[in-house]
Amino acid sequence: YLKENISNVRDVSIKYFLKDNKKKGGSYVLKCGSVKKIDVNSEMLYFKDGTIVKFNDILSIDIEDFCW
C-alpha cells in the first residue's frame, strides 16, 4: 500500500530496531515522518529528513494523518 500510494501519504510512523554501534544489541525506536523513497531492491525505506531504515529492522508501520 505504502509504495503504491507514497505521493498521497503525508506521514508514517514506524517502529524499528536501531543497532548500537558501540556495543552488542540496540533499542527499538519510534520514527514519525514523511517517506521520500521505498527501494525494494536494496530493501530500504528513505525518509525526507535523511533517515534510512532497513526493511528487516522494521517492527511496525502505521499511516498517519500527521505526526506529533
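The chain exposes an accessible surface of about 5200 Å², and carbon and sulfur atoms own 48% of that area. Keep in mind that this is a predicted model. In terms of burial, 25% of the chain's 68 residues count as buried. Secondary structure is an all-or-nothing affair here: six strands and zero helices.

**Overall layout**
- Reading from the N terminus, you get β-β-β-β-β-β.
- Looking at contacts in the chain with a separation of 6 or more, 43% come from residues 24 or more positions apart.

**The E3-E4-E5 sheet**
- Three of the strands make up an open sheet, ordered E3-E4-E5 and paired antiparallel.
- Its edges are E3, covering 35-39, and E5, covering 52-54, and each of these pairs on one side only.
- On average, neighbouring strands in this sheet are turned by 15 degrees against each other, if you ignore direction.
- As general background, strands of a sheet pair through backbone hydrogen bonds, in either a parallel or an antiparallel way.

**Where E3 meets E4**
- Four bridges hold this antiparallel pair, E3 and E4, together.
- If you want a register marker, take Lys37, which sits opposite Tyr46 in E4.
- The hairpin made by E3 and E4 has four residues between the strands.
- Within that hairpin, Glu43 is the residue to look up on a Ramachandran plot, with a positive phi near 55 degrees.

**Where E4 meets E5**
- Strand E4 spans residues 44-47 and is joined to E5 by three bridges, again antiparallel.
- For the register on this side, Met44 faces Lys54 in E5.
- The E4 and E5 hairpin has four residues between its strands.
- Here the positive phi belongs to Gly50, at near 100 degrees.

**Quick recap**
- E4 pairs with E3 over four bridges and with E5 over three bridges.
- Each hairpin comes with a positive phi: Glu43 in the hairpin of E3 and E4, and Gly50 in the hairpin of E4 and E5.
- For checking the pairings by eye, go to Lys37 and Tyr46 for E3 and E4, then Met44 and Lys54 for E4 and E5.

Definitions and conventions
Residues are numbered from 1 along each chain as its sequence is written. This is a predicted model: local features need pLDDT of at least 70, side-chain atom pairs count only at pLDDT 80 or more; totals for chains, interfaces and linings use all residues. Side-chain values use heavy atoms; hydrogens and water are left out. Two strands pair if DSSP finds at least two bridges between them. Helices (H or I, at least four residues) and strands (E, at least two) are DSSP runs, numbered from the N terminus. Axes are lines fitted to C-alpha atoms, for helices over the stretch in contact, and angles run from 0 to 180 degrees between N-to-C directions. Buried means under 20% relative accessible area, exposed over 50%, partly exposed in between (1.4 Å probe, protein chains only). Contact means heavy atoms within 4.5 Å. Accessible areas come from the Shrake-Rupley method with a 1.4 Å probe; for residues, only the protein chains shown count as cover.
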